[in-house]
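User: Please take a close look at a single part of this model, the annotated span. How is it built, and what surrounds it?

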Amino acid sequence: MPSPSDRTAGATEDAPDGGGEDATATVTPAVAVREVTHRYGRGADAVTALGPLSLDIPAGEFLVLVGPSGSGKSTLLRLIAGFEQASSGEVTVHGRTPEPGRQAGVVFQQPRLFPWRTVGENISLALRYAGVPRAERPAHVEELLERVGLAGTAGRRTWQMSGGQQQRVAIARALAGGKDLLVLDEPFAALDALTRERLQEYLRTVSSLTGITSVFVTHSVDEAVFLGTRAVVLSAGPGTVALDVPIPLPRTGSDDPDGLRGLPEYAPLRAEIGAAVRDAAR
Ligand SMILES: Nc1ncnc2c1ncn2[C@@H]1O[C@H](COP(=O)(O)OP(=O)(O)OP(=O)(O)O)[C@@H](O)[C@H]1O
């Protein structure tokens, strides 16, 4: 699997001879969304769900998407994951048209694990699809489980795990195979508050340590500020970009959540994003 440095290295084109900073060097975004619209259905029944919308998501960014219900957040995720194709405009991941299961690891609101398989087998299957040789899979499974705080659980049945643990397995599965893009559609919405907070911490740590590019949909403004490096608020459907702000909070990989929430920047960011969501919903 690629190391974190491998993942981010691909984002920037080679520097010209002599190295150093070059203002003319182009940085290829991990995800490029260009003038995209998306319609479901045809004729009189057609629903325009999104756009026109343009976004560049640089490698390593943790982009949180917020916005009113029906603004097209899930649609945008589905386009990025390759489950849908844009009605107009273009979505690319590292310059290519995304295909389902190929470029992005996906985490849904429900873990969607195979109940008849063990935790390890669920992850191993994703490794198999990613072309990881059979002999190498057990070590990768352990490494992935360790990364989400579930070391030593590979032999357990998924139904023996709590909802929060199952969602961590789903995250480990999405990370399997070294994908450098993770898309997550309200993955913690169905969990109790305490489990949700724990998983937010895990995900923040995992993303800081791996540098994986993430696109995360949530209805929680606090979750958005806690997790994101950038927040995009969509307008009421069909969604366009109503607000696009960086979230310049520290990411050391082991941040104290209370400390982060207590930083002077935290509350104003929360207020700005919350106000934009409320405006969009009006
Ligand atoms: N498969 C579909 N067929 C027809 N219309 C759809 C389909 N999926 C979504 N839509 C419509 O597209 C619009 C955007 O839906 P989408 O699920 O992307 O929004 P969302 O912002 O994720 O909403 P929520 O926050 O409620 O999950 C809505 O009007 C929805 O009814």
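Analyst: Helices here are DSSP runs of H or I with at least four residues, and strands are runs of E with at least two; both are numbered from the N terminus. The model is predicted.

Start with the annotation. An unreviewed UniProt entry carries "domain: ABC transporter" for residues 31-261. Helix accounts for 32% of that span and strand for 25%. Its end C-alpha atoms are 29 Å apart.

Now the sheet. It is open, with six strands running in the order β5-β6-β7-β3-β8-β9. The pairing is mixed. β5 (104-107) and β9 (241-246) are the edge strands; each has a single partner, so one side of each lacks a neighbour in the sheet. On average, neighbouring strands are turned by 15° against each other, direction ignored.

Take one pair from the sheet. Strand β3 (residues 62-66) runs parallel to strand β7 (residues 213-217), and four bridges join them. In this pairing, valine 64 has phenylalanine 216 of β7 as its bridge partner.

A helix covers part of the sheet. Helix α5 (residues 163-175) packs on it and touches both β5 and β6 (181-185). The direction of α5 makes about 170° with that of β5.

Next, the nonpolar core. The largest one holds 70 residues. Leu65, Ile80, Val183 and Ile273 have the most contacts inside it. Helix α5 gives the most to this core, with six residues. Domain 1 (26-103 + 179-282) and domain 2 (115-178) each supply at least three residues to this core.

Look closer at valine 183. Leaving aside residues up to four places away in sequence, valine 183 touches Leu77, Ile80, Ala81, Ala104, Val106 and Val215. Ile80, one of these partners, is itself among the core residues with the most contacts.

Finally, the domain division. The chain is split into domain 1 (26-103 + 179-282) and domain 2 (115-178). Their centres, taken over C-alpha atoms, are separated by 25 Å. At the boundary, 13 residues of domain 1 are in contact with 13 residues of domain 2. On the domain 1 side, helix α6 (residues 193-210) provides the largest share of the touching residues, six.

To pull this together: the annotated span is 32% helix and 25% strand, the open sheet has β5 and β9 at its edges, α5 packs on that sheet, and the largest nonpolar core draws on both domains.

Technical notes. Residues are numbered from 1 along each chain as its sequence is written. This is a predicted model: local features need pLDDT of at least 70, side-chain atom pairs count only at pLDDT 80 or more; totals for chains, interfaces and linings use all residues. UniProt positions are given in the numbering used here, feature names are shortened, and annotations may be inferred rather than shown by experiment. Two strands pair if DSSP finds at least two bridges between them. Axes are lines fitted to C-alpha atoms, for helices over the stretch in contact, and angles run from 0 to 180 degrees between N-to-C directions. Two residues are in contact if their C-beta atoms, placed from the backbone, lie within 7 Å. A nonpolar core is a set of buried Ala, Val, Leu, Ile, Met, Phe, Trp, Tyr and Cys residues joined through C-beta atoms within 7 Å. A residue is buried if 20 or more other C-beta atoms lie within 10 Å of its own, exposed if 12 or fewer, and partly exposed in between; C-beta atoms are placed from the backbone. Domain bounds come from an automatic or database domain assignment.
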